[in-house]
Amino acid sequence: MSKIIKFGPLLLAILLLFACYKDNEEELYSESECETAGASFSKDIAPLIQAECATPGCHVQGGSANGIFENYQNVKAKVDNGSFRNRVVVLKDMPPSSSLSNCQIAHIEAWLDAGAPNN
């Protein structure tokens, strides 16, 4: 009984330490698995913008954000004036509510570096 009292707190501490495990996407899926060759607006960029930017109250008609990102032409206008790259790739302060993964940013950068085609 005294062994249980003596080693009980240690055992509990070890169990609690290993119970706090949380998967991290960046650690699970390294950059080597992030294939950016051939990044396209329709396959990679548009779905990301729809999920993270063109959300209610933000980059949509009537939203509070600077610019509407509901179609390619609207996004391309911000790409052409440099603000898209600056806010998303350089400053990394867009979207403000959540951080993009390194792989998502790499896709955006690859698409921008290719001239931001409507593909």
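The following is a conversation about how the descriptions of this predicted model are reached.

Colleague: What makes this an all-helix pattern, and how many helices and strands are there?

Modeller: The secondary structure comes to six helices and zero strands. Read along the sequence, the pattern is α-α-α-α-α-α.

Colleague: How do you know that Cys34 and Cys103 form a disulfide?

Modeller: Their sulfur atoms are 2.0 Å apart. The cut-off for a disulfide is a pair of cysteine sulfur atoms within 2.5 Å, so Cys34 and Cys103 count as one. By this rule the count for the protein comes to one disulfide.

Colleague: What does the link of Cys34 and Cys103 tie together?

Modeller: Cys34 lies in the loop between α2 (25-28) and α3, whereas Cys103 lies in helix α6, so the pair ties together parts that are 69 residues apart in sequence. The link is right-handed, with 90° about the S-S bond.

Colleague: Why is Cys34 called buried, and Cys103 partly exposed?

Modeller: Buried means under 20% relative accessible area, and partly exposed lies between that and 50%. Cys34 has 12% relative accessibility, so it counts as buried. Cys103 has a relative accessible area of 23%, so it is partly exposed.

Colleague: Why is Cys58 not counted as bonded to Cys53?

Modeller: The sulfur of Cys58 is 7.2 Å from that of Cys53, its closest cysteine sulfur, which is too far for a bond. The limit is 2.5 Å, so Cys53 is in no disulfide. Cys53 is itself buried, at 12% relative accessibility.

Colleague: How do you know that helix α6 has close to its expected span?

Modeller: Helix α6 covers residues 102-113, which is 12 residues. From its first C-alpha to its last it reaches 16 Å, close to the 16 Å expected at 1.5 Å a residue.

Colleague: Which residues of α6 are buried, and why are they said to be on the same side?

Modeller: They are Ile105, His107, Ile108, Trp111 and Leu112. These residues cover an arc of only 155° around the axis, which puts them on the same side of α6. They pack against α3 (41-52), α4 (72-80) and α5 (83-90).

Colleague: What makes a group of residues a nonpolar core, and which members of the largest one touch the most others?

Modeller: The members must be buried residues of the nonpolar kinds, cysteine included, joined through side-chain atoms within 4.5 Å. The largest core has 22 residues, and those that touch the most other members are Phe41, Ile49, Val75, Phe84, Ile108, Trp111 and Leu112. Helices α3, α4, α5 and α6 each supply at least two residues of this core. The largest share, five residues, comes from α3. In soluble globular proteins, nonpolar side chains tend to be buried together.

Colleague: Which residues is Phe84 in contact with, leaving aside its neighbours within four places in sequence?

Modeller: Phe84 is in contact with Ile49, Phe69, Val75, Lys78, Val79, Val89, Ile108, Trp111 and Leu112. Contact here takes heavy atoms within 4.5 Å.

Colleague: Is Glu70 buried, partly exposed or exposed, and where is its place?

Modeller: Glu70 is in the loop between α3 and α4. Its relative accessible area is 43%. That value is neither under 20% nor over 50%, so Glu70 is called partly exposed. Leaving aside neighbours within four places in sequence, Glu70 is in contact with Gln50, His59, Val60 and Gln61. Glu70 and Ala54 are 16 residues apart in sequence and 6.3 Å apart in space, C-alpha to C-alpha.

Colleague: Which peptide bond is cis, and where is Pro95 found?

Modeller: The bond from Met94 to Pro95 is cis, with omega near -5°. Pro95 is found in the loop between α5 and α6. Lys92 is found in the loop between α5 and α6 as well, and its phi is near 55°, a positive value in a residue other than glycine.

Colleague: What is the phi of Ala116, and why is Ala116 called buried?

Modeller: Phi of Ala116 is near 55°, again positive in a residue other than glycine. Ala116 is in the segment after α6. With a relative accessible area of 1%, under the 20% limit, Ala116 is therefore buried. Gly115, just after α6, takes a positive phi of about 95°.

Colleague: How much of the protein is buried?

Modeller: Buried residues make up 26% of the 119 residues.

Terms used: Residues numbered from 1 in each chain as written. Predicted model: local features only at pLDDT ≥ 70, side-chain atom pairs only at ≥ 80, totals over all residues. Heavy atoms only, no water. Helix = DSSP H or I, 4+ residues; strand = E, 2+ residues; numbered from the N terminus. Buried < 20%, exposed > 50% of the residue type's maximum accessible area, 1.4 Å probe, protein only. Expected span 1.5 Å × (residues − 1). Arc of directions from axis to C-beta.
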